[in-house]
Amino acid sequence: MNNEQAIVLYQPMLQQLALKILGSMADAEDIVQDTFVKWLTCDKEKIKNTKAYLIKSVTNNCLNHIDKIKRKKDELLEDWHLSTFIDQQREKDFFKFDLENEMSSALQILHKKLEPIEKSVFVLREVFNIEYEEIQLIVNKKKDNCRKLFSRAKEKLSEETSKMNFSAHTEMLESFKNAAFMGNISDLIHDLKKEVNAKFKQ
């Protein structure tokens, strides 16, 4: 069997094989054509079974083609993920900046309108949703008293508030941020306790 006869005989079978693997007739035709081109230039004396050789070559070429497409997709996906990650980080930076300003303003109001013990109860209950059973242990007040302190704090905060400069409570702002962003509330509790104790010592 000469080369032309082999191509006429095996081409339909090879194209069907490539089509099943790739799912695209255009890609299947290209793979089969490339396979025949390489086969025509190889040393046929080393090929004992032409049909088996062509089937194996087409199968391998199809798998290589799939891997190549997958690598390209992965590269595009990585580029997209990188771009998306950068955009998300920028958004986080803007969000964090706005949130820090809002927290700073909120703490300004809390400091001006509330007593240290009221502020402690309010922050622990309203912001971090800590149960009164735990709050009473933190602030060393009875549960019913904590409820009253919380209610009184909400009443005070419902009144008209004014803006003020915030500079003396940077430490509490940092512990508040750590509690809000990182879930580390122990430093905030420490700062709240310290402020309450300082008030009682005056």
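Start by selecting lysine 51, which sits in helix H3 (residues 50-113). Keep in mind as you go that this is a predicted model. With a relative accessible area of 39%, lysine 51 counts as partly exposed, because that class covers values between 20% and 50%. Now add alanine 6 to the selection and draw a C-alpha to C-alpha distance: the two residues are 45 apart in sequence, yet 8.5 Å apart in space. To see what lysine 51 touches once residues up to four places away in sequence are ignored, show Tyr10 and Met13.

Next stop, glutamine 15. Colour helix H1 (residues 3-22) and you'll find glutamine 15 within that stretch. Is glutamine 15 buried or exposed? Its relative accessibility is 17%, so glutamine 15 goes down as buried, the limit for that label being under 20%. Which residues does glutamine 15 contact, leaving aside neighbours within four places in sequence? Pick Ala28, Glu29 and Val32 and you have them.

Zoom out for a moment and show the whole chain. How many helices and strands are there? Eight helices and zero strands, so a cartoon view reads α-α-α-α-α-α-α-α along the sequence. Of the 202 residues, 28% count as buried. If you switch on a surface, the chain exposes about 14100 Å², and carbon and sulfur atoms supply 51% of that. For a contact map, take pairs at least 6 apart in sequence: 62% of those contacts join residues at least 24 apart.

Now for the helix packing, with three helices to select in turn. Two packed helices are described by the angle between their axes and the distance between the axes.

Begin with H4 (residues 116-127) and H5 (residues 132-139). Their axes come within 10 Å and cross at roughly 145°, and the crossing is right-handed. Put side chains on Ile117, Ser120, Val121, Leu124 and Arg125 from H4, then on Tyr132, Ile135, Ile138 and Val139 from H5, to see who meets whom. Sorted by class, this H4 and H5 contact has seven nonpolar residues, one polar and one charged.

Keep H4 on screen and swap H5 for helix H6 (residues 143-158). Here the axes are 8 Å apart and the packing angle is about 95°. That angle makes H4 roughly perpendicular to H6, since 65 to 115 degrees is the range for that description. On the H4 side, select Ile117, Glu118, Val121, Phe122, Arg125 and Glu126. Opposite them in H6 are Cys146, Leu149, Phe150, Arg152, Ala153, Lys154, Lys156 and Leu157. By class, the H4 and H6 contact contains eight nonpolar, no polar and six charged residues. While you have H4 selected, look back at Ile117, Val121 and Arg125: they appear in the contact with H5 and again in the contact with H6.

Last pair: bring H5 back alongside H6. Their axes come within 9 Å and cross at roughly 95°, which means H5 is roughly perpendicular to H6. Which residues make this contact? From H5, show Tyr132, Glu133, Ile135, Gln136 and Val139; from H6, show Lys143, Cys146, Arg147 and Phe150. This H5 and H6 set divides into five nonpolar, one polar and three charged residues. To finish, leave Cys146 and Phe150 highlighted: these H6 residues take part in the contact with H4 and in the contact with H5.

Conventions. Residues are numbered from 1 along each chain as its sequence is written. This is a predicted model: local features need pLDDT of at least 70, side-chain atom pairs count only at pLDDT 80 or more; totals for chains, interfaces and linings use all residues. Side-chain values use heavy atoms; hydrogens and water are left out. Axes are lines fitted to C-alpha atoms, for helices over the stretch in contact, and angles run from 0 to 180 degrees between N-to-C directions. Helices (H or I, at least four residues) and strands (E, at least two) are DSSP runs, numbered from the N terminus. A crossing is left-handed if the near helix is turned anticlockwise from the far one by less than a right angle, and right-handed if clockwise. Contact means heavy atoms within 4.5 Å. Ala, Val, Leu, Ile, Met, Phe, Trp, Tyr, Cys and Pro count as nonpolar, Asp, Glu, Lys and Arg as charged, and the others, Gly among them, as polar. Angles under 35 degrees count as roughly parallel, over 145 as roughly antiparallel, 65 to 115 as roughly perpendicular and the rest as oblique. Buried means under 20% relative accessible area, exposed over 50%, partly exposed in between (1.4 Å probe, protein chains only). Accessible areas come from the Shrake-Rupley method with a 1.4 Å probe; for residues, only the protein chains shown count as cover.
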